[in-house]
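Colleague: Got a minute to go through this model with me?

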Amino acid sequence: STPTQPGITWQWFRNDIAINGATSASYSATQTGTYTLVGTSGGFCTGTSNGIDVNVISAPTAVLTAAGNTTICQGSNIILSVASQPGTSIQWKRNNVDIAGATESTYTANQAGAYTAVVSAGANCFTTSNSITINVVPGPTAAITAGSSTVFCQGGNVVLTAASVTGATYQWLNNGVPVNGATTTSYTASASGSFNILVTTAACASTSNTIDVLVNPIPTAVATAQGPTTFCTGGRVNLSATPVDIAINQWLNAGAQISGANSATYNATATGTYTVNVISNGCLASSNAISVTVNPPPTATITANGSTTVCQGSSVTLNATAGAGLSYQWLLNGTQIGGAVNASYTATTAGNYTVIVSQGSNCSSTSNAANVNILALPQISVAASGPLAICQGSSVNLTASPSAGNTFQWQIG
């Protein structure tokens, strides 16, 4: 505009083109261009003003959108977006109050309120977007408890229970992965893992606390005999348990614990059925059974059928204790007699006779010794004191020699 001057007519121009009807000292410019004003005095004397450049900027668009449901759970959020345009700036507002630092084309809202975005193309050129109202509702209660210990042996379980929420649905997770079919308020866990539950209502969902479950494997228990399991009283057999690195072992005989038998090996000296319990991480396993039989040693005595002192060329029968399931080995002066394996033996040689009486392969007794003496036959000659042909009523003296140490019995043959 220009000051009013009496007697002067006016004409406004835009880009040197007269603007129809623009004949006052002021003009409201609404288009881009260079504006000048021509004043005429006396009908023929004119003056032209300086030019003023007017730049009309198009108002920016401001359309606000939400990336999802605008009713959100407490603790969650929603992304609001407004289109970014070159040469513009953005200021987000909640309840018509500027949000400090919120000047990007997106804003993550986590509070309830009415959100708008002001898009500016200059100090005097801005557009306020539509308003989006965000509602924040509290999430459903999501808490789980364990009905028993969460550390147990293979084959066991623990019941996990979630608080019931009206109208909610449930999904149990193990290590963050949904458990197929586990969609009620309780779940029986029989495997190791980190368990929690996702509780979902119409508005939102909540994830519960986590309960860690540890399932320990059942150890392997094997009992082995390191020798024969049938033997005589006084013998033993070493029993061993595997694996040997198990922390706790307990040997049992006929199901009863053997006091102090807590190592990986046990020397069994009594008849019974032996097993071993091994415990690892609180998990118990029972081994196979080993039957041990301890037999009393068989009786071993020798009796002779007559005197054990006999003449050369004669013999004496020696008899060992008889019994079912017994075997024999005769010895002379401590040396086995080949083939002498019966309950009796006919001795024809002088010496000390013993017999080993066995019951099975690992149970035997050695008898007392029976001493057999063999006497040599005496060498006797007879001499007559006269003729051997004599009259009836006469006699002839017969003399035996040698006589020392011998006893005699004369016979008429």
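Modeller: Sure, we can take charges, strands, asparagines and the surface in turn. Keep in mind that this is a predicted model.

Colleague: Charges, then. How many salt bridges are there?

Modeller: The count comes to one salt bridge. D98 pairs with K93. Their closest N and O atoms are 2.4 Å apart.

Colleague: Is K93 buried or exposed?

Modeller: K93 counts as buried, because its relative accessibility is 17% and the buried class is under 20%.

Colleague: And what about D98?

Modeller: D98 is partly exposed, at 46% relative accessibility. As a general point, side chains of opposite charge can pair when their charged atoms come close.

Colleague: Strands next. What does β14 pair with?

Modeller: Among its partners are β7 and β12. Strand β7, residues 71-73, runs parallel to β14, residues 132-137, with three bridges. Strand β12, residues 113-122, runs antiparallel to β14, also through three bridges.

Colleague: Which residue of β14 is the bridge partner of T71?

Modeller: That is N135. On the β12 side, Y115 has I132 of β14 as its bridge partner.

Colleague: How are β3 and β4 arranged?

Modeller: They form a hairpin with three residues between them. Strand β3 covers residues 33-41 and β4 covers residues 45-48. Four bridges join them, antiparallel. S41 stands opposite C45 in β4.

Colleague: What is phi doing in that turn?

Modeller: G42 sits in the turn with a positive phi of about 70 degrees.

Colleague: Which residues other than glycine have a positive phi?

Modeller: N175 and N281 are two to look at, each with phi near 55 degrees. For background, most residues other than glycine have a negative phi.

Colleague: Where do they sit?

Modeller: Both are in loops. N175 is between β18 and β19. N281 is between β30, residues 272-280, and β31, residues 283-286.

Colleague: Buried or exposed?

Modeller: N175 is exposed, with a relative accessible area of 52%. N281 is exposed too, at 57%. Both get that label because the exposed class is over 50%.

Colleague: Back up to N174. What is its setting?

Modeller: N174 lies in strand β18, residues 169-174. At 19% relative accessibility, N174 counts as buried.

Colleague: What does the N174 side chain reach?

Modeller: A polar atom of the N174 side chain lies 3.3 Å from the backbone nitrogen of S194. Leaving aside neighbours within four places in sequence, N174 is in contact with V179, S192, G193, S194 and F195.

Colleague: There's N249 as well. Where is that one?

Modeller: N249 is in strand β27, residues 248-253. Its relative accessible area is 3%, so N249 is buried.

Colleague: What does N249 touch?

Modeller: Beyond residues up to four places away in sequence, N249 touches A241, A261, N262, S263, A264, V276, N277 and V278.

Colleague: Last topic, the surface. Which residues form a nonpolar patch?

Modeller: I380, V382, L388, L398, F408 and W410 do. Together they have about 600 Å² of accessible area.

Colleague: Where is I380 found?

Modeller: I380 is in the loop between β41, 370-375, and β42, 381-384. With a relative accessible area of 43%, I380 is partly exposed. That lets I380 join the patch, because patch residues need over 30%.

Definitions and conventions:
Residues are numbered from 1 along each chain as its sequence is written. This is a predicted model: local features need pLDDT of at least 70, side-chain atom pairs count only at pLDDT 80 or more; totals for chains, interfaces and linings use all residues. Side-chain values use heavy atoms; hydrogens and water are left out. A salt bridge is a side-chain nitrogen of Lys or Arg within 4 Å of a carboxyl oxygen of Asp or Glu. Buried means under 20% relative accessible area, exposed over 50%, partly exposed in between (1.4 Å probe, protein chains only). Helices (H or I, at least four residues) and strands (E, at least two) are DSSP runs, numbered from the N terminus. A polar contact is a pair of N or O atoms within 3.5 Å; within protein, one must be able to donate a hydrogen and the other to accept it, and residues adjacent in sequence count only if both atoms are side-chain atoms. Contact means heavy atoms within 4.5 Å. Two strands pair if DSSP finds at least two bridges between them. Patches are made of residues with over 30% relative accessible area and no salt bridge: like charges are joined within 9 Å, nonpolar side chains (Val, Leu, Ile, Met, Phe, Trp, Tyr) within 5 Å. Accessible areas come from the Shrake-Rupley method with a 1.4 Å probe; for residues, only the protein chains shown count as cover.
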